[in-house]
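Please look at the sequence and the model below, and then work through the questions that follow.

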Amino acid sequence: MDKERVNLPLTDIPASWYNVLADLPKPLPPPLHPGTGKPLTPPDLAPLFPMALIEQEVSPERWIPIPPEIRELYKIWRPSPLVRATRLERALKTSCRIYFKNESVSPAGSHKLNTALAQAYYNKLAGVRRLTTETGAGQWGSALAFACQVFGLECTIYMVKSSYHQKPYRRSLMHVWGAKVHPSPSRHTKSGQGILAADPESPGSLGIAISEAVEDAATHDDAKYSLGSVLNHVLLHQTVIGLETKRQLELIGEKPDVLIGCVGGGSNFGGFSLPFFPEKLANPKLRIIAVEPSACPSLTKGQYAYDYGDTAKLAPLVKMYTLGHTFVPEGIHAGGLRYHGTAPIVAHLMHLKLIEAKAYTQNAVFEGALQFARTEGFIPAPETSHAIRAAIDEARKDDGKCIVFNYSGHGHFDMAAYDDHLAGKLEDYEHPEAKIKEALRHLPKVG
Ligand SMILES: Cc1ncc(COP(=O)(O)O)c(C=O)c1O
């Protein structure tokens, strides 16, 4: 078995997704209705999601079978390789072993397609005609655009305005795959109109774009909403990443000491790390590190509280580490990490001290990205580079550990950000304390 790049056969594409809810030491605090503040029931979610996904959202089953149609589509790029970063190790002169799981090999260039295909599939089965969604840097939007194309669904995407202009080619991907893309805040929804009335120059945020997409689906009978992160069923679909990684490490006789993933809403980090939770519970020394931007530090500086998942308070209230649903982060290049909250599962694990979190500023992140690109060759997405930065810092401890991180996406459409970094034009936004304090004042009173 080659230990430097572990490729699994197609038959090793996982047959089931892993549901961590079955193994949590304490149950997850329930989501609440945004209007009544009462625990949410499956029918409350029916205007937004098909019943199959709602059932997955609340399922207590440890294993949820992956339908054959989805496994067949996963064959386009799965199983993805696990690669040992030997050249980076040599450059760092470290005794640590560094591995990365390469999720950038999907057609859309990131991990997001794992859930996009599943969500489009269940919506198609339920007779839905159109899906609406939000996207930050465009990774999620492009994945859903392709998934809708595969299943013959229409796709309407609200793209955070700062990214709409920063990442024109991700927008082109969505167009190639047949989606309609609106810069958000837009005039297409009441939520967007309200934001623009208050601030015509609003750069947008994931919280605002979610409000627009939810409103669009809730006000059209033939449409449903699709979320690229945060929710339990999204993390569930992403567990194919961690399940394959476990198998690959086993095959080469490795046991991880440190697992690292970047966090936006938390599906990348969750999908990669949750399948290792049984190991974590048996071995507290296994470290699991979530990495986020200093400009949007929900896990490291947020409050563990019930908050709205979106700016216009249309999405359910969930207990999470939040910076406040009105918080609009600076327009950093890691657009996919500009979310005010976190997945309830990730927040719960953080609260139980089963995971740790770290935050980095953009230039520190891009220094890590350059070192990776100049040794390993692959050019990472700015989001992914947060994990790389943390992996490099762990490896610098030179303590012989096995470090594994998720290479969530490539940066081929982020070259303007690299140009800015190389030209010394990238701004660092330190912990935005006053803005967070102000946004946290607007947390809903619950209970
Ligand atoms: C390449 C890449 N990695 C990671 C993330 C963060 O994903 P999540 O929201 O699932 O935490 C994103 C989000 O868009 C992304 O594009």
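Q: How do the residues of the shell around the ligand divide into nonpolar, polar and charged?
A: In this predicted model, there are 18 residues around the ligand. When they are sorted by kind, with Gly counted among the polar residues, the shell divides into two charged, four nonpolar and 12 polar residues.

Q: Which helices each supply at least two residues of the shell around the ligand?
A: The shell can also be described by the elements that contribute to it. Two helices each supply at least two of its residues, one covering 267–273 and the other 382–395, and these are helix H12 and helix H17.

Q: How far is an oxygen atom of the ligand from a polar backbone atom of Gly 266, and how much of the ligand does the protein bury?
A: A pair of N or O atoms counts as a polar contact within 3.5 Å, and an oxygen atom of the ligand meets this with the side chain of Lys 112, where an N or O atom is 3.2 Å away. For a polar backbone atom of Gly 266, the distance to an oxygen atom of the ligand is 2.8 Å. Taken alone, the ligand exposes 390 Å², and the share of this that the protein buries is 96%.

Q: Where does the ligand sit?
A: The place in question is a cavity, and among the cavities of this model the ligand sits in the largest one.

Q: Is Gln 248 buried or exposed?
A: Gln 248 belongs to helix H11, which spans residues 232–251. Because a residue under 20% relative accessible area counts as buried, and Gln 248 has 0% relative accessibility, Gln 248 is buried.

Key: Residues numbered from 1 in each chain as written. Predicted model: local features only at pLDDT ≥ 70, side-chain atom pairs only at ≥ 80, totals over all residues. Heavy atoms only, no water. Near = heavy atom within 4 Å. Polar contact = N/O pair within 3.5 Å; in protein donor to acceptor, adjacent residues only side chain to side chain. Areas by Shrake-Rupley, 256 points an atom, 1.4 Å probe, with all protein chains shown as cover. 1 Å grid on protein atoms, 1.4 Å probe; cavity = no way out; pocket = protein on both sides within 12 Å on 5 of 7 lines; lining within 4 Å. Sits in = over half its atoms within 2 Å of the grid points. Helix = DSSP H or I, 4+ residues; strand = E, 2+ residues; numbered from the N terminus. Buried < 20%, exposed > 50% of the residue type's maximum accessible area, 1.4 Å probe, protein only.
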